[in-house]
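The exercises below are meant to be worked with the sequence and the coordinates side by side. Each task is followed by a solution that goes step by step.

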Amino acid sequence: MSKAKLAIALSALTVTCAVWAVSTAGAAHQRIVRERTQTRSSLSPIGLRDDKGRGLLVDAWINGAGPFSLVLDTGAGLTIISDRVAQRANLQSTKSTRPLVGGLSATSISSNQETKISKLALGTRDNFVSSRVVAAVAQSLPGSIDGILDPTQVFGSLTYSIDLPRQELVVFESRSQNLKSTTSNEGAVVPWVKVGGSNRPFVRLDSGQLALIDTGSGFGLAFSDNSAQRSSNQGKQNTIHDLGGGRVETTRVEAKSVSIGSLVLRNVPTDLIRGAAPGTPVIIGRRALYPFKLTFDPVARLIAIETSEH
């Protein structure tokens, strides 16, 4: 088993005084097209719930026990369940050789245990994921969260889409999607940039910066304090608690507009993060992503961002 560190930054955040809003998308110049055959996997479409205090939730059954509420988090880098869930599902934990490095702050997650989930069902108790899932076991998680689900890890080479307005997760056979693009005004297809040994979905902004597509974050745009210039137009400060029990301070600054490929996001609510762990990337969270359906193709290493048809 690899001894590479598994980054679990940016997931399952508890935000004080959180406000949820839709950022404005400007004109894009691509239409997403796929080959005619779009074969869904054996998984049925999975319903999601957008919980203001906890995040984007999916019901899960583990070895027949449940339902449990897992946060759907593209930015996690690893699937995590609480020790309480592991006990209820009669899972055996073993010591992990892979150290966990987690949260926005420098406080580490107090867990060196992992388990193998042989039967994981999502959405309904008979909607089973085909592969065995390795999950870290944490002693506790914030609030009433039972765990964190990283879809890239769970679905492997399969393409999946997260339709935020429709609150739906759909899994496809990877090679049936074959994302392409033509000129129109509905979205963009951009490279899925790989950073280090991580499969977390990074994209490159027009500024040249790398940004993490993070459905586990309630931010619009977020920059660590040393990766963005301070703004003279600073607003309300908040405290965010992360998975490791640490906390960071955020300050609302002037809204920014950014481009991801040909897609322009205008006037996105923007925060500066103070006290974040070194190497914290730019975050694109749900407040910026809400109008869109996101499709992740891990084989072609492409990400499609398009207006939802809800």
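**Exercise 1. Contacts along and across the chain**

Among contacts in the protein between residues at least 6 apart in sequence, what percentage join residues at least 24 apart?

*Solution.* Begin by keeping in mind that the coordinates are a predicted model. Among the contacts that link residues at least 6 apart in sequence, 70% join residues at least 24 apart. As a next step, set this figure beside the secondary structure, which consists of 4 helices and 27 strands. Then turn to the solvent: of the 310 residues in the protein, 54% are buried, and the accessible surface comes to about 13400 Å², with 46% of that area belonging to carbon and sulfur atoms.

**Exercise 2. Confidence**

Find the mean pLDDT of the protein, and name stretches over which pLDDT stays under 50.

*Solution.* The mean pLDDT is 79, and 71% of the residues reach 70 or more. Over residues 1-31 pLDDT stays under 50, although the model has 126 contacts beyond four places in sequence for this stretch. Residues 33-37 also stay under 50, and for them the model has 15 contacts beyond four places in sequence.

**Exercise 3. The nonpolar cores**

Determine how many residues the largest nonpolar core has, and follow the contacts of I162.

*Solution.* The largest nonpolar core has 57 residues, and those with the most contacts inside it are I62, L120, L122, F155, I162 and I284. Taking I162 from this list and leaving out residues up to four places away in sequence, one finds that I162 touches, among others, L48, L56, L72, L169, F292, L294 and F296. The partners of I162 also include T74, E168, T215 and K293. A second, separate core has 10 residues, including L57, V71, L78 and A138.

**Exercise 4. Strand 9 and its two partners**

Work out in which sense, parallel or antiparallel, strand 9 pairs with strand 14, and do likewise for strand 15.

*Solution.* Strand 9 spans residues 79-82, with T79 and I81 pointing one way, I80 and S82 pointing the other way, and all of them buried. With strand 14 (residues 133-138), strand 9 pairs in the parallel sense over 4 bridges, and I80 stands opposite A136 there. With strand 15 (residues 147-149), strand 9 runs antiparallel and is joined by 2 bridges, I81 standing opposite G147.

**Exercise 5. A hairpin**

Describe the pairing of strand 23 with strand 24, and identify a residue of their hairpin that takes a positive phi.

*Solution.* Strand 23 (residues 247-260) and strand 24 (residues 263-274) are antiparallel and share 9 bridges. Within this pairing, V253 stands opposite T270 of strand 24. The hairpin has 2 residues between the strands, and G261 takes a positive phi near 60°.

**Exercise 6. Two strand residues**

Decide whether L212 and S224 are buried or exposed, and give a distance across the fold for each.

*Solution.* L212 lies in strand 20 (residues 210-213), and because its relative accessibility is 0%, L212 counts as buried. From L212 to I283 the sequence separation is 71 residues, while the C-alpha atoms are 5.0 Å apart. S224 belongs to strand 21 (residues 221-224), and its relative accessible area of 7% lies under the 20% cut-off, so S224 is buried as well. Apart from neighbours within four places in sequence, S224 is in contact with L272, I273 and T280. The C-alpha atoms of S224 and T250, which are 26 residues apart along the chain, are separated by 9.1 Å.

**Exercise 7. Backbone exceptions**

Which peptide bond is cis, with omega near 0°, and what is the phi of N63 and of N90?

*Solution.* As a reference for this step, most residues other than glycine have a negative phi, and most peptide bonds are trans. The bond from G66 to P67 is cis, with omega near 0°, and P67 is found in strand 8 (residues 65-72). N63, in the loop between strand 7 (55-62) and strand 8, has a positive phi near 50°. N90 has a positive phi of about 55° and lies in the loop between helix 1 (83-88) and strand 10 (93-95). To finish, assign the accessibility of both: N63 has a relative accessible area of 32% and is therefore partly exposed, whereas N90, at 64%, is exposed.

Technical notes. Residues numbered from 1 in each chain as written. Predicted model: local features only at pLDDT ≥ 70, side-chain atom pairs only at ≥ 80, totals over all residues. Heavy atoms only, no water. Pairing = 2+ DSSP bridges. pLDDT = per-residue confidence, 0-100. Contact = heavy atoms within 4.5 Å. Buried < 20%, exposed > 50% of the residue type's maximum accessible area, 1.4 Å probe, protein only. Areas by Shrake-Rupley, 256 points an atom, 1.4 Å probe, with all protein chains shown as cover. Core = buried A, V, L, I, M, F, W, Y, C linked by side-chain atoms within 4.5 Å.
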